[in-house]
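Hi,

Here is the structure I said I would pass on. Have a look at it first, and then read on for what turned up in it.

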Amino acid sequence: MKRILLIVSGGIAAYKALELVRLASKAGLGVTAVLTKAGAEFVTPLSLQALTGEKIYQDLFSLTDDSEMGHIELSRAADLVVVAPASADILAKMTAGLADDLASTLLLATDKRVLVAPAMNVRMWQHPATETNIGTLKARGVLVVEPDEGPMACGEYGPGRLAEPPVILAGILAALNDGLLKGKHAIVTSGPTHEPIDPVRYIANRSSGKQGHAIAQALAALGARVTLVSGPVALPDPFGVELVKVETARQMQAAVQAALPADIAVCAAAVGDWRPQTEAEQKLKKDGSGATALSLTENPDILAGLSAPSPTRPKLVIGFAAETERLAEHAAAKRARKGCDWLVANNVGGTGIMGGDENEVLLLTADGAEPWARMNKQAVAEKLAAKIGAYFE
Ligand code: C5P
């Protein structure tokens with residue numbers, strides 16, 4: 001059994017550490033927890049102990065703790081040290097090498113990989129001191145699960161919210177990295193494309209990239225090396241994947257081709273089917289006639305290109321189909337037309353799925369159609385990744 005040493009530092013997000021412990025245990029990990037003094041203001045040792053089923057460590061100089069397991073042994077017994085939530089204070093201590101309590105002493109004494117999931121007020125996160133600290137820690141090889149952006153307990157809005165527990169767990173599993181897809185390379189496309197009309201305007205679509213990014217993360221959690229080719233999205237960079245940022249369909253195709261060879265390709269991007277025939281060099285002006293026309297030309301089909309027989313064709317190519325009517329029929333036709341192995345079809349007609357957090361899909365494979373219940377995009381990603389893992393087993 002793999003074991004993590006989880007350090008829970010102070011901050012309102014500490015309550016999410018309990019959910020992380022629950023998920024980690026469910027994933028088969030052993031969890032030893034260390035609670036800092038500030039962390040203990042937000043969660044009780046008792047609740048952590050109930051979830052880990054183990055003794056909770058809090059004191060550097062506790063005689064009983066030391067006789068059972070000292071700080072060196074604590075980190076020796078773990079495969080990965082995780083700090084979640086990681087406060088600005090503990091990140092600063094790690095950077096400076098301070099060792100004035102059990103958590104900071106452990107972090108200075110450990111020879112194991114360390115993963116931190118920061119959580120703090122937006123201005124603390126954006127303060128040059130924290131930015132410098134994070135930069136230094138990353139340069140030392142500390143793994144960082146970036147915080148989310150959103151409303152904060154302090155009433156402000158911005159980046160600094162602790163990443164969701166399933167995302168932190170995915171980071172942990174990727175760091176432990178001995179999943180079903182170890183040694184496999186996966187290319188995932190995600191997000192919309194922006195097709196320029198002129199220097200200030202473009203054609204785009206409502207894709208948020210949430211599904212594609214979640215798939216990239218879930219594949220990495222199973223140990224795959226993942227190249228995520230993404231159009232413009234407002235999402236934190238997923239942890240542990242190589243991210244290539246593009247804008248247009250043609251750039252996305254070039255990036256995908258450059259990332260080959262791969263074992264798996266998942267085309268979850270909502271690629272613009274058309275682009276303006278020409279991109280005006282200067283901003284287009286109204287001419288007073290009240291109407292104008294845009295001439296469009298078709299974009300290359302990245303999925304069809306990847307699916308075509310070739311020496312570099314990935315063994316498993318998976319496409320997506322967003323349909324607004326006659327889902328099963330259109331999806332089956334699309335799978336045949338594109339030549340992909342699997343097709344994940346979803347009905348995006350008026351259900352708040354495009355851009356939303358949930359998805360309801362139909363998976364088409366050579367064995368037929370499999371309807372999945374409505375679930376969040378993270379769960380869809382994990383289920384799809386598990387199926388991909390089983391395919392390669
Ligand atoms: O034809 P349609 O756009 O509905 O097909 C959707 C699937 O094809 C998705 O998997 C999408 O990522 C992929 N696609 C592509 N390149 C395009 C258009 C769609 O890879 N130009």
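**Starting in the sheet**

Val81 has Val114, in S4, as its bridge partner. Before going further, please keep in mind that this is a predicted model.

That pairing belongs to a longer contact between two strands. Strand S3 (residues 80-86) and strand S4 (residues 114-118) run parallel and are joined by four bridges. Helix H6 (residues 102-109) packs on the sheet, where it touches strand S1 (3-8), S2, S3 and S4. If you line up the directions of H6 and S1, they make an angle of about 135°.

So what is the order of the strands in the sheet? Reading across, you get S2-S1-S3-S4-S5, an open sheet of five strands with parallel pairing. At the edges sit strand S2 (30-35) and strand S5 (143-144), each of which pairs on one side only.

S4 deserves a second look. On its S5 side, the two strands pair in the parallel sense over two bridges, and Val116 stands opposite Val144 in S5. How many of the five residues of S4 are buried? Five of the five are, and the strand is mostly covered. In a regular strand, side chains alternate between the two faces of the sheet. In S4 both faces are covered: Val114, Val116 and Pro118 are buried on one side, and Leu115 and Ala117 are buried on the other.

**Salt bridges**

Side chains of opposite charge can pair when their charged atoms come close. Searching the whole structure gives 19 salt bridges. I picked out a few to look at.

Take Glu156 and Arg123, whose side chains meet in a salt bridge at 2.6 Å, N to O. Glu156 is in the loop between strand S6 (148-151) and strand S7 (157-161), while Arg123 is in helix H7 (residues 122-126), so this pair ties together parts that are 33 residues apart in sequence. Are the two partners buried or exposed? Glu156 is partly exposed, with a relative accessible area of 26%, whereas Arg123 counts as exposed at 54% relative accessibility.

Another one is the salt bridge between Lys334 and Glu323, with the closest N and O atoms 2.9 Å apart. Here Lys334 lies in helix H13 (residues 327-338) and Glu323 in strand S16 (residues 316-323), so the pair ties together parts 11 residues apart in sequence. Both ends of this bridge are charged side chains that count as buried: Lys334 has a relative accessible area of 16%, and Glu323 has 10% relative accessibility.

Arg326 and Glu329 also meet through their side chains in a salt bridge, 2.8 Å from N to O. Arg326 counts as exposed, at 51% relative accessibility, and Glu329 is partly exposed, with a relative accessible area of 46%.

Finally, there is a group to find by eye: Asp89, Lys93, Asp100 and Asp101 are linked in a network of salt bridges.

**Aromatic rings**

A pair of aromatic rings is described by the distance of the centres and the angle of the planes. The search of the whole structure finds two such pairs. In one of them, Trp342 and Tyr391 are edge-to-face, 5.7 Å centre to centre with 85° between the planes. This pair links distant parts of the chain, 49 residues apart: Trp342 is in strand S17 (residues 342-347) and Tyr391 is in helix H14 (residues 377-392).

Tyr391 also forms an edge-to-face pair with Phe392, at 5.1 Å centre to centre and 80° between the planes. Trp342, Tyr391 and Phe392 thus make up one aromatic cluster. Which of the three are buried and which are partly exposed? Trp342 is buried, with a relative accessible area of 9%, and Phe392 is buried too, with 16%. Tyr391 is partly exposed, with a relative accessible area of 34%.

**Charges over rings**

Two more spots are worth clicking on. Lys55 lies over the face of Tyr57, 5.5 Å from the ring centre. Lys383 lies over the face of Trp372, 4.7 Å from the ring centre.

Happy browsing!

Methods:
Residues numbered from 1 in each chain as written. Predicted model: local features only at pLDDT ≥ 70, side-chain atom pairs only at ≥ 80, totals over all residues. Heavy atoms only, no water. Pairing = 2+ DSSP bridges. Contact = heavy atoms within 4.5 Å. Axes fitted to C-alpha atoms, helices over the stretch in contact; angles between N-to-C directions. Salt bridge = Lys/Arg side-chain N within 4 Å of Asp/Glu carboxyl O. Buried < 20%, exposed > 50% of the residue type's maximum accessible area, 1.4 Å probe, protein only. Phe/Tyr/Trp six-rings, centres within 6.5 Å; stacked < 30°, edge-to-face > 60°. Lys NZ or Arg CZ within 6 Å of the ring centre and 35° of its normal.
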